[in-house]
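Biologist: I should like to learn how the features of a protein model are read. Might we go through a case together?

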Amino acid sequence: MHEYQLVDGAETVYRDGTIKLHGPEGFEAMRKAGRLAAEILDACADMVKPGVTTGALDDAIRGMMLDAGAVPATLGYRGYAHSSCISINHVICHGIPGDKALKEGDILNIDVTPLVDGWHGDTSRMFFAGEPPLKARKLVEVTYECLMLGIAAAQPGARLGNIGAAIEAHANQFRYGVVREFCGHGLGRLFHDAPEVVHAAKAGTGPELKPGMFFTIEPMINLGKPWAKVLGDGWTAVTRDKSLSAQFEHSIAITETGNEIFTKSPTGRDCPPYM
Ligand code: MF3
Ligand code: CO
Ligand code: CO
């Protein structure tokens with residue numbers, strides 16, 4: 001059914017549908033890429049405020065990556081010309097940075113993927129510009145809980161579908177919509193690889209989770225209906241009903257005993273409000 005491939009970190013890997021199982025070299029490389037990605041989002045927490053443009057944030061993000069000897073994996077990816085995705089309010093994901101300034105009360109997702117020594121650290125968090133309304137802050141809090149419940153379900157011997165089942169069950173309690181069009185993904189030396197990690201699924205379905213698998217979990221949760229559409233720029237995904245949307249993303253590994261999160265904030269700033 002699902003093919004797995006053992007990789008030690010040196011050989012060329014292909015997007016051939018196989019699920020890669022990594023060894024110690026891959027873990028070490030992903031710790032480094034994941035740490036840089038998390039540190040960059042930590043720095044963003046100090047920069048996000050009303051009046052700042054998303055383009056200025058993107059420039060700062062690119063600078064931090066280049067200074068660290070990394071390259072933004074998104075730059076030139078399928079024609080994307082920026083170093084991050086910044087998705088404000090009803091934008092679900094893939095918001096394009098530009099001259100738009102943040103407004104008081106905005107909620108926004110910043111998604112970064114530095115490529116470090118050929119390995120991808122992919123993570124995103126929500127940020128507050130000033131003080132958003134309570135319903136927006138609640139959506140952000142529950143979306144973070146969805147991510148962490150999904151990670152808790154990512155255990156060796158469990159099935160991939162358990163992750164989406166845990167996320168969907170939590171979102172349903174609040175009558176939030178789980179976006180179906182965009183998924184988490186295997187990653188490592190490839191940015192987007194098998195398996196596809198859906199955020200709404202049936203427990204007990206999908207491939208078995210095995211030690212050495214690397215993938216992201218990145219639930220997008222809407223205050224309203226789950227429906228998404230992509231704008232004419234070919235990237236910006238928005239909620240069809242214009243309701244607010246939130247997202248958090250970690251890059252993780254399945255281990256012998258559980259899982260390891262590569263992109264945890266070294267300063268504990270994984271979820272706003274950031275102090
Ligand atoms: N970082 C995004 C993800 O989580 C992908 C962005 S691709 C881009 O998979 F081209 F839109 F930047
Ligand atoms: Co991702
Ligand atoms: Co990402």
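Modeller: The following turns take up a metal site, aromatic rings and a helix residue. This is a predicted model, in which local features need pLDDT of at least 70, side-chain atom pairs count only at pLDDT 80 or more, and totals for chains, interfaces and linings use all residues. Residues are numbered from 1 along each chain as its sequence is written, chains are lettered from A and ligands numbered from 1 in the order in which they are written, and side-chain values use heavy atoms, with hydrogens and water left out.

Biologist: Which protein donors hold the cobalt ion (ligand 2)?

Modeller: Donors are N, O and S atoms within 2.8 Å of the metal (3.2 Å for Na, K and Ca); water is not among the atoms, so sites may look incomplete. For the cobalt ion (ligand 2), the protein donors are Asp122 (OD), His185 (NE2), Glu218 (OE) and Glu249 (OE), at 2.0 to 2.2 Å. Along the chain their spacing reads D-x62-H-x32-E-x30-E.

Biologist: What does Asp122 bridge?

Modeller: Asp122 bridges the cobalt ion (ligand 2) and the cobalt ion (ligand 3), which are 3.3 Å apart. Asp122 and Glu218 are both buried, where buried means under 20% relative accessible area, exposed over 50%, and partly exposed in between (1.4 Å probe, protein chains only).

Biologist: How many aromatic pairs are there?

Modeller: A pair of aromatic rings is described by the distance of the centres and the angle of the planes. Rings of Phe, Tyr and Trp (its six-membered ring) pair if their centres lie within 6.5 Å; planes under 30 degrees apart count as stacked, over 60 as edge-to-face and the rest as tilted. The count here is 8 aromatic pairs. In one of them, Phe214 and Phe262 have ring centres 5.2 Å apart and planes at 85°, so the pair is edge-to-face. Phe214 is buried at 3% relative accessibility, and Phe262 is buried at 4%. Ring pairs also join Phe27, Phe214 and Phe262 into a cluster.

Biologist: Where is Thr54 placed, and is Thr54 buried or exposed?

Modeller: Helices (H or I, at least four residues) and strands (E, at least two) are DSSP runs, numbered from the N terminus. Thr54 belongs to helix H2 (residues 54-67) and is buried, with a relative accessible area of 3%. Contact means heavy atoms within 4.5 Å. Leaving aside neighbours within four places in sequence, Thr54 is in contact with Ile86, Ile88, Ile96, Pro97, Gly98, Lys100 and Leu102.
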